[in-house]
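Me: I want to learn how to read a sheet and what packs on it. Can we work through one example?

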Amino acid sequence: MIDPRILRDDPEAVRAAQRRRGEPTEIVDELIAADEKRRSSIATFEAVRGEQNKLGKLIPKAQGDEKQQLLARTKELSAQVKESEAAQTEAAGAFELLLKSLPNLASAEAPEGGEDDFVVLDTVGTPRDFVAEGFEPRDHLELGQLLGAIDTERGAKVSGARFYYLTGVGAQLELALTQVAMSKAAEWGFTPMIPPALVKPRAMEGTGFLGQAADDVYYLEKDDLYLVGTSEVPLAAYHSDEILEGSSLPRRYAAFSPCYRREAGSYGKDTRGIFRVHWFDKVEMFVYTTLDEAAAEHERLLGWERAWLDALELPYRVIDVASGDLGLSAIRKFDCEAWIPTQGKYREVSSASNCTEFQSRRLDIRVRGEQGTAPAATLNGTLCAMTRTIVALLENGQQADGSVRLPAALHPFLGEVLRPVA
RNA sequence: GGAGGUGUCGCAUAGUGGCCUAGUGCGCCCGCCUGCUAAGCGGGUUGAGGUUUAAACCUCUCGCGAGUUCAAAUCUCGCCACCUCCGCCA
C-alpha cells in the first residue's frame, strides 16, 4: 500500500510508476475519485457527529421543555449520524480496497521492461569447462541418485509430483547449509528465528501475496490459514500493529522455515529433479528500517547474499530485475543467479527486495522518530534456499566419477568430497 | 474438544449509562530546586485523520465487530486473544 497522500500531491508519479511496470494508469484516476468521495463523506460525518456530541452534553443538565426539545433534536441527528457513518465506512473501505490492489511504485532505478529486460550488475567466478575436462556433466538428479542424496520417485509416490526426499548425505547437506547460514547471519547481526509456517489471512495479505500471486499459495479452508511460500510472511507480520523505537532500527531477522508453493503457473517447467518443488526449506533475511535507510540496506542485503555464494564457491551473476517483473510489493529487486552446468545458464538462487512502506502500511508497522511516527521500511533477501543450493553445489562440484567436491565452508560437516554409494 | 475466568493510556490499577474532555500510581520527557545524584515541587506523556500561517480546535480510538439508547469503557450479542481446570496429544 502506497502513501495515499501521493495521490493528491503527485498523481503523475504514480502514473509513471505504473507505466514503468507495464500496468494500466486508469486505476490512478479511480483512486483519486474514491479518495475524494472518502474525504467528503468523512467531513459530513464529523460535522453531524460534532453537533450530536455538543447537544448531548446539555441533556443531563436540561429541564422540562428544553430537555424535550434537545431529545427530539438529538434523536433526529442520531439517524443522520448512522447514515453518514455508514457512508463513510463504505467509502473508506472502497478506497482502501482499491489502494491495496495498486502495486508499489517501481523505482526509477529499476531497468524498464519485462522478465527478459534485467540488467546484469556483476558476474563472479567462471563456469567450469566440462569439454576441456573431458566428461559430460551429470545433472543434479543423476548425481543425487548416485550419492544417495535425493529420492524424487518416492517423493512422488508419497506426496505427488514436485516432492522429494533428501536422504543420507542429501539430508546432511541441508542441515549443514542451515547451520552455516544461520551462524553467519547471527555473526552479521541478524536475530535467528524459527517462525510459524501457517499464518492468518492478515499476514498473507499484508505482505502482498494474496494479490497477483494468490494462485501460488496453499490455503487450508477449514482453519482459514495459509501455508507460507517464504518466511518473509511471518517475519513481516511479526511486528504488525507495533510502533518500533527509531533507535532500535535496523532490526534484522534471519529465519529458517519450510516454504510451500503451488507453482500454479509453471506446468511443464523445470519438472526434473528438485529445482522447482512444492516445498523446500529456506533461510531468509528480513530487515525493518527507516525509509531513508532502505536503499542502503538493500545493497547490504545483496552484499550478504554475495558473501554467502562466495563462501559456497559457486559461479554466479547478479541481476537488477526489470520493473515489469517486480511483484506487488517491491520497488526494486536484485537476484543472484548461480550457474547450472547442465542447463547452460544462470538460474535464480536468491533474491533481495526493497518493499519500502508497502508492507508496513498494510500491517501497521510504524517507527517512532523525532518527527513522530512514520511507516517502517521492510526488506527481505534469501540467504539459502536449500533445494536450489543443493542443485548448484552438486552440479558445479561434480567430478568425472560422479563424486562431488564441496566448498571449504562445508568440510567440517561433510568432509571434502561426497562419494557415490555402492 | 468441554467448563470457567480475564481483556481500560508503556506497566499496574480506578471506573456498573451523561459529572470520562478516562482518574490515580509507577515509568518516561521537560523545567525548578540542588556541589553531583537522589528526594521534593510544577508541567507533559495512546495513536490515527482533518481544519489552520500559527495558537488552538474538530472527529475517531477503553481487545475487534455488530446492536440497544438522544447518549456506551459501562448494557446485549458475535468473534478474537490470554489465563485456570478437565480430556487428548508430539
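Me: How many bridges join strand 13 to strand 16?

Reply: Start with the general idea. Strands of a sheet pair through backbone hydrogen bonds, either parallel or antiparallel. In this predicted model, strand 13 (residues 345–354) and strand 16 (residues 377–385) run antiparallel, joined by 3 bridges.

Me: Which residue of strand 16 is the bridge partner of Ser353?

Reply: Asn380.

Me: What is the strand order of the sheet?

Reply: Read across the sheet, not along the chain. The order here is 1-11-12-13-16-10-9-4. That makes an open sheet of 8 strands with mixed pairing.

Me: Which strands are the edges?

Reply: Look for strands that pair on one side only. Here they are strand 1 (119–124) and strand 4 (191–193). As for twist, neighbouring strands of this sheet are turned by 25 degrees against each other on average, direction ignored.

Me: Which strands does helix 11 touch?

Reply: List the contacts, then compare directions. Helix 11 (residues 294–311) packs on the sheet and touches strand 10 (279–289), strand 11 (316–320), strand 12 (332–340), strand 13 and strand 16. Its direction makes about 5 degrees with that of strand 16.

Me: What angle does helix 13 make with strand 16?

Reply: About 40 degrees. Helix 13 (residues 386–397) also packs on the sheet, where it touches strand 10, strand 12, strand 13 and strand 16.

Me: How many helices and strands does chain A have?

Reply: Chain A has 14 helices and 18 strands. Of its 422 residues, 39% are buried. Its C-alpha atoms fill a box of roughly 105 × 45 × 40 Å along the principal axes.

How values were computed. Residues numbered from 1 in each chain as written. Chains lettered and ligands numbered in written order. Predicted model: local features only at pLDDT ≥ 70, side-chain atom pairs only at ≥ 80, totals over all residues. Helix = DSSP H or I, 4+ residues; strand = E, 2+ residues; numbered from the N terminus. Buried ≥ 20, exposed ≤ 12 C-beta atoms within 10 Å, placed from the backbone. Pairing = 2+ DSSP bridges. Axes fitted to C-alpha atoms, helices over the stretch in contact; angles between N-to-C directions. Contact = placed C-beta atoms within 7 Å.
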